[in-house]
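Hi,

Here is the complex I promised to pass on to you. Have a look at it first, and my notes follow below.

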Amino acid sequence: MNRRGKFIVGGAVIAAALGYMIYAGVTQSAVYFVTPAELRASAVPGKAYRLGGMVVPGSLKWEARSLELSFTLSDGSATVPVRHKGTPPDLFAESRGAVVEGSWTADGYFKASLIMAKHSEEYKAPHDTTQAGYKELIKTLRGEGR
Amino acid sequence: MTTDLGYGMTLVALALAVYGGAAAAVGARTGRPALVESAQHAALGVFVLITACFALLTYAFLAFDFSVRYVATNTNLGTPFYYRITGVWGALEGSIILWSWMLGLYTLIVILRHRDSARELYPWALATMLGILAFFLLVMTVAAPPFQRQEPVPADGRGLNPLLEDTGMITHPVALYLGFTGFTVPFAFALAALITGRVGDTWLVLTRRWAIVAWYFLSLGLLIGGWWSYHVLGWGGYWAWDPVENAAFMPWLTGTAFLHSVMIQERRRMLKLWNISLVILTFSLTLFGTFLTRSGVIASVHAFTQGSIGVFFLSFLALVVLTALGLVAWRWEALRSQGELDSVVSRESAFLLNNVLLIAAAFTVFFGTVFPLLSEAVRGVKVSVGAPFFNQVNVPLFLSLVFLMGVGPLIAWRRASWENLKRNFVWPVALGIAAAAAAFTLGVRSVLAAVTFATTVFVGATIAVDFVRATRARMRTGETLLPAMGGLLRRHNRRYGGFVVHLGILIIVLGVTGSHAWSVQTETTLKRGETAQLAGYRFRFDGLTAVEESNHFKVVGAFTVSNSRVLDVLRPAKKFYPQEQSPIAYVDYRLGLKEDIYLVLGDFARDGTQATVKLQVNRLVSWIWIGGVVLTLGAVLAILPERRRPA
């Protein structure tokens, strides 16, 4: 085989290998974005999903000692119970948007391996109520800490 | 007042840039040096005006001038002095000013350096740079104007994004933007070469060092970004394959490819077309990166039409790519290779393979980044591929690249003989195999870690072989050891600068491999006085305190870290900013060469009796930063003027 041929064959082999790696990578690590309604309609246990919705008020339970977190995500038409092991992230709260990554279990809940809270970048006037909350918190801590 | 003045200056700068670009082009076309000289004056005027805009905005930040909307949204009365300055480029509008300012600065340096040395190419390069500058000034006037009035003028501003209150905010964007804008210079000379038809080596020799400068800053920006992510974001990682990171990584990959393929053209007169294409690609990727990160397109395909910035960048990108491709097609005949590859086993083909792999990596990153957009646009389903995809595809590519790093610099040009191969590679290969065996005996069971370790040792050995041999050669002429080594670095600074960069990469590779393979973490809730254990360390929770700062307050946890003795008290915190809806974690850590101890405060009981904490022992991460320092030093060595003969 002449040199040109060798380079063409070499290039083709590299291109084919890259194509295969990308294909395999995509099929193995593709994560589907779904809403609670879409997940309810066609959930495949074990498949990786990224589920987005609002944390239903009153559904959030956080057990600090066992690190068990559970809550319900809703899109207005359907709800999905979610469980997670770990501290809720900073921006996570009831009535806020959240995106969780994980899989649907046969036991009827969504097992989240990762929780991402949705961050709004828009201007928001500081809430007086939360401010008061912080002040009270600081007082309590001051009292305890000294 | 401020806004009118700023806006006015931006408009004048835009007009001057458009005039200057046109004057330089007409001057070049008709051979009228007076016009080119006029364009130079215009460039100076543009730079002065942008500097004035920048100073004005900085002043508005320092004086809390909330009649400027950008100031009102990105600072408040509590923002410390230092962050009022970095806040100037803390968001889109200010970044564009910084970007334009740097572009103006580069344009001036190009004028000073090249106006007499490159008579034919220079006017067109100047025209191109002013044209690009005009685009950014257009963005500054229409799409993302920093000087917009805020009415009514608020009593206090909103405040800077708390995550940006970090010393990294001064160095990271500055380095990154200097890297991004730096690639404009090689691009401008590439276009000039195409327009004038002088696609030989002149433009390449002129821009070679410029490309290294841009690459140096881009590398620095990426490294500081990693450090910022590690010590601010509190997830214990330094690289997440986030679209923003990928946007900066893609031009880095193609720029790296260019730095290597340049050498083949210099030596063998091959790859002219390839080199021109790489420069065009790298510059386009810097624009694409800005489009990607600033248009909101990542969140959804449909988001980017909401603001005009996305449309602006996409149109300009299309203009740049089409113009460049049109010129390439026009000069097709002149771009054909004069040399030819002689053998598959040669330095040329090692470099060629290096280029193919770097481009493959860039393509992979590109594909993974835009995949959600493609699937949303084509199939209507949003599917993303995360870090596992990028790691899975890129690890083999990067490992091969590291291996080639050992082969490329030592293998012979044209055709490598058995002699050449034996002479250079017997010892390194033996050492690499020995390293793998040693790793196995020491209990390393991860195949990937062992292979990586063996490859880095192999490459390190090739660098040592070369350096020892060259030093010995100099010592035979009577020099003693240290002057011989120093002389080598000085006289062949580009070659050995490259080797030092390679060494830096090897160190980074070890750090990345180690942190992936051996880092451990756990999360736990402790009552006051209680202790948790991880990797031979004990962590005792001592309690919480509250601290008030100028623009926020924080709740600080105290954790005593000990192994056989008390090592440190770490104080991770949660910061509460009034303008933010939620607290922000503040990491505390103890860095070490072997491992970092890294603590993130999670939840806590309001009475201070209990805290949830994430404990991490991250292995070898420090070597990433050490390798980064080595890499940048190598790049500096390579940038220094070459001194072949004693002065």
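A word on confidence before the details: pLDDT is the predictor's confidence in each residue, on a scale from 0 to 100. This is a predicted model, and chain B has a mean pLDDT of 90, with 97% of its residues at 70 or more. Where pLDDT is low, the predicted coordinates should not be read in detail. For the complex, the predictor reports an ipTM of 0.78 and a pTM of 0.91.

Let me start with chain A. Three helices and seven strands make up its secondary structure elements. Read from the N terminus, their order is α-β-α-β-β-β-β-β-β-α. The chain has 146 residues, of which 20% are buried. If you look at contacts in chain A between residues at least 6 apart in sequence, 45% of them join residues at least 24 apart.

Chain A also comes with a domain split: domain 1 covers 1-30, and domain 2 covers 31-120. The C-alpha centres of these two domains of chain A are 39 Å apart.

Now to where the chains meet. How many residues does the contact take from chain A and from chain B? There are 35 from chain A and 42 from chain B. On the side of chain A that touches chain B, the elements giving two or more residues are α1 (3-29), β1 (30-34) and α3 (128-145). Of these, α1(A) gives the most, with 10 residues. By residue type, that side of chain A divides into 20 nonpolar, seven polar and eight charged.

One feature of this meeting place is worth opening in your viewer. β1(A) pairs with strand β1 of chain B (residues 383-385) in the antiparallel sense, over three bridges. Within that pairing, A:V31 has B:S384 in β1(B) as its bridge partner. β1(A) is thus listed both among the elements that give two or more residues to the side touching chain B and as a strand paired with β1(B).

Further along chain B there is another strand pair to look at. Strand β5 (residues 553-562) and strand β6 (residues 566-570) of chain B run antiparallel and share four bridges. Together, β5(B) and β6(B) form a hairpin, with three residues between them. To find your way around this hairpin, try B:T560, which stands opposite B:V569 in β6(B).

Happy to talk any of this through once you have had a look.

Best wishes

Technical notes. Residues numbered from 1 in each chain as written. Chains lettered and ligands numbered in written order. Predicted model: local features only at pLDDT ≥ 70, side-chain atom pairs only at ≥ 80, totals over all residues. Domains from an automatic or database assignment. Contact = placed C-beta atoms within 7 Å. Nonpolar A, V, L, I, M, F, W, Y, C, P; charged D, E, K, R; others polar. Pairing = 2+ DSSP bridges. Buried ≥ 20, exposed ≤ 12 C-beta atoms within 10 Å, placed from the backbone.
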